[in-house]
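Thanks for making the time this morning. I would like to walk you through one model, going from the whole chain down to a few helix contacts, so please have the structure open as I speak.

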Amino acid sequence: MINNRKNADSLALFSQYIAEQKAVLKKQYQQALAQDLSRQQWDGCFQRNVLAVLEQAYDDALVQLQKLPFDSRETPVDRGLSDLTRQALAAFDGFTDDFLQFVIDQHRTSCALSNFPGEHKPDKTYVNEVKRDIAGLWRHFALSVNAYFLDGR
């Protein structure tokens with residue numbers, strides 16, 4: 001019972017952390033884009049910066065998760081997936097889609113990118129390529145989260 005309460009409290013704190021990171025990621029992306037623009041590095045800036053910001057966000061989220069007092073010793077595991085993993089990853093529902101929509105809007109309204117149509121208005125093919133790269137980052141993150149919880153058993 002105590003472990004369930006501790007885990008519920010830790011999950012709530014983690015969810016709160018993730019919710020707070022949404023604004024942080026937007027600011028980080030704006031800074032990365034501004035840096036690229038000041039260096040005249042237009043080509044691939046959408047993909048490069050989205051992946052850099054999300055990779056750092058996932059790394060930071062894993063560190064944050066590991067700081068919380070989870071107790072996974074009695075947590076059910078189904079087909080190799082800890083129930084805590086499923087619950088922790090749920091904190092990210094809509095996270096990437098919201099972030100990508102923000103980034104696309106930033107690019108579409110950027111006067112500095114207007115001379116670079118592929119970056120100014122990323123097409124479906126480019127966006128899908130970035131989404132595939134994000135899926136790889138997400139997979140690595142999710143496996144790391146699951147390994148953390150399984151190691152605590």
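Among the contacts in this chain between residues at least 6 apart in sequence, 81% join residues at least 24 apart. Please keep in mind throughout that this is a predicted model, and that everything I say is computed from it.

As for the overall layout, the chain has six helices and two strands, and reading from the N terminus these elements run α-α-β-β-α-α-α-α. The C-alpha atoms fill a box of roughly 60 × 25 × 20 Å along the principal axes, and of the 153 residues in the chain, 42% are buried.

Let me turn to the interior. The largest nonpolar core has 43 residues, and those with the most contacts inside it are Phe14, Phe46, Val50 and Leu54. Two or more residues apiece are given to this core by helix 1 (2–38), helix 2 (45–67), helix 3 (83–89), helix 4 and helix 6 (124–151), with helix 2 supplying the largest share, namely eleven residues. If you select Val50, you will find that, leaving aside residues up to four places away in sequence, Val50 touches Tyr29, Cys45, Phe99, Leu100, Val103, Val130 and Ile134.

How, then, are helix 2 and helix 6 arranged relative to each other? Their axes come within 10 Å and cross at roughly 15°, and, since angles under 35 degrees count as roughly parallel, helix 2 and helix 6 are therefore roughly parallel to each other. The crossing in which helix 2 passes helix 6 is right-handed.

Helix 4, which covers residues 95–108, has 14 residues and reaches 20 Å from its first C-alpha to its last, close to the 20 Å expected at 1.5 Å a residue. Which of the residues in helix 4 are buried? They are Phe95, Thr96, Phe99, Leu100, Phe102, Val103, Ile104 and His107. As general background, an α-helix has 3.6 residues a turn, so residues three or four places apart point the same way.

Helix 4 also packs against helix 6, at an angle of about 145° and with the axes 12 Å apart, and this crossing, too, is right-handed. On the helix 4 side the contact is made by Thr96, Leu100 and Ile104, while helix 6 contributes Val127, Val130, Lys131 and Ile134. To tie this back to the core, Leu100, Val130 and Ile134 are among the residues that Val50 touches.

Notes
Residues numbered from 1 in each chain as written. Predicted model: local features only at pLDDT ≥ 70, side-chain atom pairs only at ≥ 80, totals over all residues. Heavy atoms only, no water. Helix = DSSP H or I, 4+ residues; strand = E, 2+ residues; numbered from the N terminus. Expected span 1.5 Å × (residues − 1). Buried < 20%, exposed > 50% of the residue type's maximum accessible area, 1.4 Å probe, protein only. Core = buried A, V, L, I, M, F, W, Y, C linked by side-chain atoms within 4.5 Å. Contact = heavy atoms within 4.5 Å. Axes fitted to C-alpha atoms, helices over the stretch in contact; angles between N-to-C directions. Parallel < 35°, antiparallel > 145°, perpendicular 65-115°, else oblique. Left-handed = near helix turned anticlockwise from the far one by under 90°.
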